[in-house]
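Student: Could you take me through a ligand site and an aromatic pair, giving the general idea before the particular case?

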Amino acid sequence: MRVFIVYAHPSEDSFTRQVRDRFIAGLESAGHSYTLSDLYQMNFRSDMDEAEYRREAYYRLDAPVPEDVVREQEKINSSDAIVFIYPVFWSDVPAKLKGWFDRVWTYGFAYGLQKDGRRAMKQLEKGLVICSAGNTLDYFRRTGILESMEKVMLGDRLFDRVKTKELVILEATSRELPGREANWDQHLDRVFSLAVNL
Ligand SMILES: Cc1cc2nc3c(=O)[nH]c(=O)nc-3n(C[C@H](O)[C@H](O)[C@H](O)COP(=O)(O)O)c2cc1C
């Protein structure tokens, strides 16, 4: 399987960075190949500029797509699976990753049709979302935030762009919780097997 990892965390000194590295170790051990977009390290521009806005808001296929966006779209179309790894920030993805969706999911690529009646983005075999969160799964269920994350990430952003999809929350990894250390190895083992069994 050719796997495209979209990773967003501002610090190398983080649990999420360990998740990313263990996931890659799992891919390598199973013989999967991968491409990585480390959005903070790339300094990926997450703000849409006015020309991009006009392209998306006016459904203009003839307006150019920026080079950095085209590169991301090429990574998608040369992969079989897409994997997002990030920390939950305010019940959603970090702004940098939100901006990645704003800019990379362009008209004619991720939604809408091109002149030949097709969508340029290929349908991927698998979409996997792995996020680390300070709160517990129980909290996310009780508050309805889990449902909201599933609807937005799986139902809207991934939608039918992937054949099968899954959201995995690695819970209670906040620095202020003793659970962070207690859950550490178990979470990373899980991530390794998610990669192996992709
Ligand atoms: C700005 C910010 C917002 C956060 N918002 C949430 C949140 O809404 N829900 C949650 O469970 N954790 C939240 N967290 C905790 C992160 O998900 C936390 O970073 C996570 O436990 C992973 O740890 P790491 O940063 O060492 O990778 C937030 C952290 C930051 C820095």
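Tutor: Let us begin with polar contacts, bearing in mind that this is a predicted model. An oxygen atom of the ligand lies 2.9 Å from an N or O atom in the side chain of Thr 173, and this pair counts as a polar contact because its atoms are within 3.5 Å.

Student: How much of the ligand's exposed area does the protein bury?

Tutor: The ligand taken alone exposes 620 Å², of which the protein buries 75%. The space that the ligand takes is the largest pocket.

Student: Which backbone atoms approach the nitrogen atoms of the ligand?

Tutor: A polar backbone atom of Trp 90 is 2.8 Å from a nitrogen atom of the ligand, while a backbone N or O atom of Gly 134 lies 3.1 Å from a nitrogen atom of the ligand.

Student: How many residues surround the ligand, and of what kinds are they?

Tutor: There are 18 residues around the ligand, the closest being Thr 16, Val 88, Trp 90, Ser 91 and Asn 135; the shell divides into seven nonpolar, nine polar and two charged residues.

Student: What describes a pair of aromatic rings?

Tutor: The distance of the centres and the angle of the planes describe such a pair. The structure holds 10 aromatic pairs, among them Phe 84 and Trp 100, which are edge-to-face at 5.7 Å centre to centre, with 75 degrees between the planes. This pair links distant parts of the chain, with Phe 84 in strand 3 (residues 81-87) and Trp 100 in helix 4 (residues 95-104), 16 residues apart.

Definitions and conventions
Residues are numbered from 1 along each chain as its sequence is written. This is a predicted model: local features need pLDDT of at least 70, side-chain atom pairs count only at pLDDT 80 or more; totals for chains, interfaces and linings use all residues. Side-chain values use heavy atoms; hydrogens and water are left out. A residue is near a molecule or strand if one of its heavy atoms lies within 4 Å of it. A polar contact is a pair of N or O atoms within 3.5 Å; within protein, one must be able to donate a hydrogen and the other to accept it, and residues adjacent in sequence count only if both atoms are side-chain atoms. Accessible areas come from the Shrake-Rupley method with a 1.4 Å probe; for residues, only the protein chains shown count as cover. On a 1 Å grid over the protein atoms alone, a cavity is a set of points where a 1.4 Å probe fits but cannot get out, and a pocket is an open set with protein on both sides within 12 Å along at least five of seven lines; lining residues have an atom within 4 Å of a point. A molecule sits in a cavity or pocket if more than half of its atoms lie within 2 Å of its grid points. Ala, Val, Leu, Ile, Met, Phe, Trp, Tyr, Cys and Pro count as nonpolar, Asp, Glu, Lys and Arg as charged, and the others, Gly among them, as polar. Rings of Phe, Tyr and Trp (its six-membered ring) pair if their centres lie within 6.5 Å; planes under 30 degrees apart count as stacked, over 60 as edge-to-face and the rest as tilted. Helices (H or I, at least four residues) and strands (E, at least two) are DSSP runs, numbered from the N terminus.
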